[in-house]
Amino acid sequence: MINSHAHLDFDDMNAIAENAVAIVPSIGKQNWIDVQMYPYFAFGIHPWLVEIHTQNDLEKLEYLVKCNNPVAIGECGLDYVKDIDKDKQIHFFTSQLKLAEKYNLPVAIHAVKATEDVIFLLKKYPKVKGEIHGFSGSEEQAQLLTRMGFYLGFGLQITNQKSTKIRQIAKNCPLEFILIETDDHPNPDDLTLVAQEISNLKQIPVESVITQCDNNAISLFGLK
Ligand SMILES: [Zn+2]
């Protein structure tokens, strides 16, 4: 089973790191080295951390991408809940979309209360494909993104009965566009819980969910 987004290099992630095949995104220059311990890693600058990064760091990022075969650019994106300069977030996100286009890599996107702007920017780079991890947008945005060929990542949030909106979106989203993930949660059983919940919501066998989500990750990230 493939975990499409897990920060295995964070503290306390040992249990999950030992038994997971995962895409390990980076958050910025502080873990560009650490993520390379894992077979499938991504290089990027997280929107929460743009203020500690410079233009020079973007150049370093490109150098690393060129030399080290990441499976994706990320984690990048926009987060409008955090009090972080929007223009700076947009500059770093756009720069990383350009990198993805130039090196023909998918993007792992963080979008919180910013899905509209993320879609607006993605439309400027139609060759770039990727996933919106921990999807939290609307039903309409989910449909638009999948029509654009983007995958939606769902995590533990869908197991919360109170998250009615996101559960409905997961239920309606075609399985061909779903990825499962645990993000920064350290419990190794969580990924199974997410797959099981999608199986319940869609009324299909959990094995079918796992097989299709694995194939989605393999195809998006070009896993061997
Ligand atoms: Zn993340």
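Reader: Over how many bridges do β4 and β5 pair?

Author: Happy to start there, with a note that this is a predicted model. Take G74, which stands opposite A108 in β5, and I73, whose bridge partner in β5 is V107. The two strands, β4 and β5, run in the parallel sense, and the number of bridges between them is six.

Reader: Which residue stands opposite I73 on the β3 side?

Author: Strand β3 also runs parallel to β4, and two bridges join them. Looking across from I73 in β4, the residue you meet is F43.

Reader: In what order do the six strands of the open sheet lie, and which strands stand at its edges?

Author: The pairing in this open sheet is parallel, and the order is β3-β4-β5-β6-β7-β8. An edge strand has a single partner strand, so one side of it is left without a neighbour in the sheet. The strands in that position are β3 (42-43) and β8.

Reader: How many of the residues of β4 are buried?

Author: Its neighbour β5 (residues 107-112) makes a good companion case: five of its six residues are buried, so that strand is mostly covered. Strand β4 is likewise largely enclosed by the rest of the structure, because the buried residues there number seven of the eight.

Reader: Which residue in β7 does E131 stand opposite?

Author: Here we move along the sheet to β6 (residues 130-133), which pairs with β7 in the parallel sense over two bridges. Opposite E131, the residue in β7 is Y151.

Reader: How far apart are the end C-alpha atoms of helix α7?

Author: Helix α7 covers residues 190-202, which is 13 residues. At 1.5 Å a residue they should span 18 Å, and the model agrees with that expectation. The distance between the end C-alpha atoms is 19 Å.

Reader: How wide an arc do the buried residues of α7 cover around the axis?

Author: The buried residues in α7 are D190, L191, V194, A195, E197 and I198. They sit on the same side of α7, because the arc they cover around the axis is only 160°.

Reader: What covers those buried residues of α7?

Author: Part of the cover comes from strands, including β1 (2-3), β7 (151-154) and β8 (178-180). Helices take part too, among them α6 (164-172) and α8 (206-221).

Reader: At about what angle to β8 does α8 run?

Author: Compare two helices that lie across the sheet strands. Helix α7 lies across β7 and β8, running at about 150° to β8. Helix α8 lies across β4 (72-79), β6, β7 and β8, and its angle to β8 is about 100°.

Reader: What is the phi of Q203, positive or negative?

Author: Q203 is the residue that follows α7. Its phi is near 55°, so by definition of sign we can call it α7's follower with a phi that is positive.

Reader: What radius of gyration does the protein chain have?

Author: The chain holds eight helices and eight strands, and its C-alpha atoms fill a box of roughly 50 × 35 × 30 Å along the principal axes. With 224 residues, a compact globule would have a radius of gyration near 17 Å, and the chain agrees with this. The value for the protein chain is 16 Å.

Note on methods: Residues are numbered from 1 along each chain as its sequence is written. This is a predicted model: local features need pLDDT of at least 70, side-chain atom pairs count only at pLDDT 80 or more; totals for chains, interfaces and linings use all residues. Helices (H or I, at least four residues) and strands (E, at least two) are DSSP runs, numbered from the N terminus. The expected span of a helix is 1.5 Å times one less than its number of residues. A residue is buried if 20 or more other C-beta atoms lie within 10 Å of its own, exposed if 12 or fewer, and partly exposed in between; C-beta atoms are placed from the backbone. The arc is that of the directions from the helix axis to the C-beta atoms. Two residues are in contact if their C-beta atoms, placed from the backbone, lie within 7 Å. The radius of gyration is taken over C-alpha atoms; the globule rule is 2.2 Å times the number of residues to the power 0.38. Two strands pair if DSSP finds at least two bridges between them. Axes are lines fitted to C-alpha atoms, for helices over the stretch in contact, and angles run from 0 to 180 degrees between N-to-C directions.
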